[in-house]
Amino acid sequence: MIRVLVVEDEPLIAEAHRAYVERVPGFTVAGTCGSGAQALRFLAAHEVDLVLLDFYLPDVGGLEVCRAMRAQGRTVDVIAVTSARDLDLVRAAVAQGVVQYLLKPFTFAAFRDKLQQYAEYHRHLARPTGPPAQHDIDRALAALRTPTTPAVLPKGLSPDTLAEVVEALRASPEALSAAQIAEALGISRVTARRYLEHLTAQNLAVRRPHYGGPGRPEHHYEWHPSRTS
């Protein structure tokens with residue numbers, strides 16, 4: 001089993017990532033941490049193969065956590081799980097040994113693909129029969145680069161607008177209607193509902209009936225990534 005440490009400061013998202021890991025065969029969650037300092041303490045006391053690392057943490061950035069791990073001589077692998085899209089940050093992450101980069105928001109399918117690629121990489125470099133040959137190393141590195149089937153959004157939906165809808169839900173202390181999302185983002189109510197229903201189908205949002213008056217109830221939606229089943 002590949003032992004995974006989830007490092008994420010938002011409890012609901014951390015729980016979602018934990019549940020996602022447990023759904024992928026061959027992986028088990030060694031623990032969850034909500035800060036960089038906590039993650040470093042956990043790594044000092046436990047055996048971990050892979051860290052799922054958010055790069056926006058409340059105490060230190062993900063890069064600082066990677067540098068501290070390397071300075072301590074820890075060779076644990078890292079998959080960046082973050083909304084950070086800056087190319088300089090991506091290059092710096094690769095330089096610190098980050099083996100995969102997964103942008104939020106993502107579907108379970110995209111998450112599973114990254115872990116399966118990593119499992120193949122890990123398998124090629126964990127042979128008990130002796131030092132790896134050139135073809136073992138080539139296959140291991142190719143496993144990380146091999147494209148898997150992308151999680152395609154339904155026709156007419158864009159990743160950028162989806163990210164905006166996700167952020168609107170996450171930032172709201174209460175459930176929102178399609179009309180409220182539409183007004184906030186400058187899109188039509190029908191379009192907003194399509195994005196909200198897509199998130200609901202991916203178990204990243206919860207739809208709740210809202211009884212505000214006579215007639216059929218209006219649906220409200222809230223961000224609730226712990227609903228992964």
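This passage describes the two sheets of a predicted model, the helices that pack on them, a cavity and a cis peptide bond.

The sheet formed by the earlier strands is open and consists of five strands in the order S2-S1-S3-S4-S5, paired in the parallel sense. Its edges are occupied by strand S2, spanning residues 27-33, and strand S5, spanning residues 98-103, each of which pairs on one side only. From one strand to the next the twist averages 20°. Within this sheet, strand S1 (residues 2-7) is joined to S2 by six bridges in the parallel sense, and in this part of the sheet Ile2 is found opposite Phe27 of S2. Helix H2, which comprises residues 36-45, lies across S1, S2 and strand S3 (50-53), and its direction makes an angle of about 130° with S2.

Beyond the edge strand S5, the loop that leads from S5 to helix H5 (108-124) contains Pro105. The peptide bond between Lys104 and Pro105 is cis, with omega at about -10°. This may be set against the general pattern, in which most peptide bonds are trans.

A further open sheet is built from three strands in the order S6-S8-S7, and here the pairing is antiparallel. Strand S6 (176-177) and strand S7 (205-210) are the edge strands, and because each has a single partner strand, one side of each is left without a neighbour in the sheet. The pairing of S7 with strand S8, which covers residues 218-223, is antiparallel and extends over six bridges; Pro209 has His219 of S8 as its bridge partner. Helix H7 packs on this sheet and touches S6, S7 and S8, with its direction at about 85° to that of S8. Helix H9 likewise packs on the sheet with contacts to S6, S7 and S8, its direction making about 55° with that of S8.

The two helices that pack on the three-stranded sheet also meet each other. The axes of H7 (residues 159-171) and H9 (residues 189-201) come within 10 Å and cross at roughly 75°, which makes H7 roughly perpendicular to H9. On the side of H7 the contact is made by Thr161, Leu162, Val165, Val166 and Leu169, and on the side of H9 by Tyr195, Leu196, His198 and Leu199. By class, the residues of this contact comprise seven nonpolar and two polar residues, with no charged residue.

In general terms, empty space left among the atoms is revealed by rolling over them a probe the size of a water molecule. A search of the whole structure returned one cavity of 30 Å³ or more, and the largest cavity holds about 120 Å³ of space. Its lining is made up of 12 residues, of which Ile13, His17, Phe106, Leu204 and Trp223 are the closest to the centre. Helix H1 (11-22) and H7 each supply at least two residues of this lining, and H1 gives the most, with four residues. The residues that line the largest cavity divide into nine nonpolar, one polar and two charged.

Taken together, H7 recurs across these descriptions: it touches S6, S7 and S8 of the antiparallel sheet, its axis comes within 10 Å of that of H9, and it supplies at least two residues of the lining of the largest cavity.

How values were computed:
Residues are numbered from 1 along each chain as its sequence is written. This is a predicted model: local features need pLDDT of at least 70, side-chain atom pairs count only at pLDDT 80 or more; totals for chains, interfaces and linings use all residues. Side-chain values use heavy atoms; hydrogens and water are left out. Two strands pair if DSSP finds at least two bridges between them. Axes are lines fitted to C-alpha atoms, for helices over the stretch in contact, and angles run from 0 to 180 degrees between N-to-C directions. Contact means heavy atoms within 4.5 Å. Angles under 35 degrees count as roughly parallel, over 145 as roughly antiparallel, 65 to 115 as roughly perpendicular and the rest as oblique. Ala, Val, Leu, Ile, Met, Phe, Trp, Tyr, Cys and Pro count as nonpolar, Asp, Glu, Lys and Arg as charged, and the others, Gly among them, as polar. On a 1 Å grid over the protein atoms alone, a cavity is a set of points where a 1.4 Å probe fits but cannot get out, and a pocket is an open set with protein on both sides within 12 Å along at least five of seven lines; lining residues have an atom within 4 Å of a point. Grid points are joined across faces, edges and corners, and a volume is the space filled by probe spheres set on the points.
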